[in-house]
Amino acid sequence: MEHPEELYSLEPIADEVPAGLHLVAALTGFVDAGGTVAQITATLADGPSAQLVGAFDLDALLDYRARRPVITFEQDHITAVSMPRLALHLVRDELGQPFLFLSGYEPDFQWDRFVRAVIALADRFAVADVTWVQAIPMPVPHTRPIGLTISGTRRELAQSLSVWRPETQAPANVLHLVEHRLADRGDVVVGLVMLVPHYLADTEYPDAAIAALSAIGSTTGLILPTEALRDEARDFIARVDEQVGGNPELQRLVAALEERHDTYMAGNPLGSPLTGADGEMPTADSIAAELERFLADRRDDDPR
């Protein structure tokens, strides 16, 4: 059996990481609604306090044909190659509290070995707990707070913060497997699944990232930076509201989502925010083309 520790290499700073830190994990997999994981990764792993602790072997875990590296081409030559990254960083929150942050792509191969590698890292650094984040699209309105579903071993958090507690089967994220193995061992682990408005799932939605960072703070006590995201969120929501306000059809659609959401949150027998009274799930196609064009225009205008 190949040793899981051979999947990653550690930097010298690894010997200086104190024991008992929180470990936060966020990987981009087959779904990242609202660009939530991408935004919190940019905030934390690319932030000024982040220090690289270790990195995973690209060639062992990545399907390059599915997620190709990005080149920068200038007229007649290549000036840069940006490779995907799956890495562990030591990061400090707004109060200077250190924690570990695992981020990057979800592995294409060797899931079992990768899960054992993550658990080996958790053991090496004697982490206090593990919190991981995912975001999925849901038919909920942008005019209400971002909800979440919590899994793991801290039942009190699920009881107090989960707005949707389904009994269902769904495709797994590799971090679901990490959670399951850690829970079986009796470790403290929390999964946070953000419920993002489905009509904003294909754009970077700052409120979703803010909600995710706040939820991580609720599980760990960390104070994570959100100021820059809040500035972006105000502009983003103002533009969405302007678009909705000028279109009666969009107003009716958002109002219907609001009514469904509020009825569910009030404890009505409605079984899930996914479905209406008729049992049918609204589709993203029901959101008018004007809003879709607005989001496309926003991405085109983004100078990044």
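**Briefing: strands, ring pairs and surface of a predicted model**

Strand β6 and strand β7 (residues 98–105) pair in the antiparallel sense, with 7 bridges between them. The model is predicted. In the protein, the secondary structure amounts to 9 helices and 10 strands. Of its 304 residues, 47% are buried.

**Strand β6 and its partners**

- Strand β6 covers residues 86–92, and 6 of its 7 residues are buried, so the strand is largely enclosed by the rest of the structure.
- In the pairing of β6 with β7, Leu88 stands opposite Leu102 of β7.
- A hairpin is formed by β6 and β7, with 5 residues between the two strands.
- Gly96 lies in the turn of this hairpin and has a positive phi of about 85 degrees.
- Strand β6 also pairs with strand β3 (residues 51–56), in the antiparallel sense and over 4 bridges.
- In the pairing of β3 with β6, Gln51 is placed opposite Leu90 of β6.

**Aromatic pairs**

- The protein has 3 aromatic pairs, counted with ring centres within 6.5 Å.
- One of them is formed by Tyr8 and Phe56, whose rings are edge-to-face, at 5.6 Å centre to centre and with 65 degrees between the planes.
- This pair links distant parts of the chain: Tyr8 belongs to strand β1 (residues 8–10) and Phe56 to strand β3, and the two are 48 residues apart.
- Tyr8 has a relative accessible area of 13% and is buried.
- Phe56 is likewise buried, at 7% relative accessibility.
- Another aromatic pair joins Tyr205 and Phe236 in a tilted arrangement, at 5.5 Å centre to centre and with 45 degrees between the planes.
- Tyr205 lies in the loop between β10 (189–197) and α6 (206–220), while Phe236 is in helix α7 (residues 227–245), so this pair ties together parts that are 31 residues apart in sequence.
- Tyr205 is buried, with a relative accessible area of 1%, and Phe236 is buried as well, with a relative accessible area of 0%.
- Ring pairs also join Tyr8, Phe56 and Phe114 into a cluster.

**Thr36 and its surroundings**

- Thr36 is located in helix α1 (residues 36–44).
- The relative accessible area of Thr36 is 0%; a residue under 20% counts as buried, so Thr36 is buried.
- Leaving aside residues up to four places away in sequence, Thr36 touches Ala135, Met194, Val196, Ala208, Ala209 and Ala212.

**Contacts across the chain**

- Among contacts between residues at least 6 apart in sequence, 80% join residues that are at least 24 apart.

**The surface**

- The protein exposes about 15,200 Å², of which carbon and sulfur atoms supply 51%.
- A nonpolar patch on the surface is made up of Ile71, Phe73, Ile78, Val81 and Met83, which together have about 490 Å² of accessible area.
- Strands β4 (70–74) and β5 (77–82) each contribute at least two residues to the nonpolar patch.
- Val81, one of the residues of the patch, lies in strand β5.

Technical notes. Residues numbered from 1 in each chain as written. Predicted model: local features only at pLDDT ≥ 70, side-chain atom pairs only at ≥ 80, totals over all residues. Heavy atoms only, no water. Buried < 20%, exposed > 50% of the residue type's maximum accessible area, 1.4 Å probe, protein only. Pairing = 2+ DSSP bridges. Phe/Tyr/Trp six-rings, centres within 6.5 Å; stacked < 30°, edge-to-face > 60°. Patch = residues over 30% accessible without salt bridge, like charges linked within 9 Å, V, L, I, M, F, W, Y side chains within 5 Å. Areas by Shrake-Rupley, 256 points an atom, 1.4 Å probe, with all protein chains shown as cover. Salt bridge = Lys/Arg side-chain N within 4 Å of Asp/Glu carboxyl O. Contact = heavy atoms within 4.5 Å.
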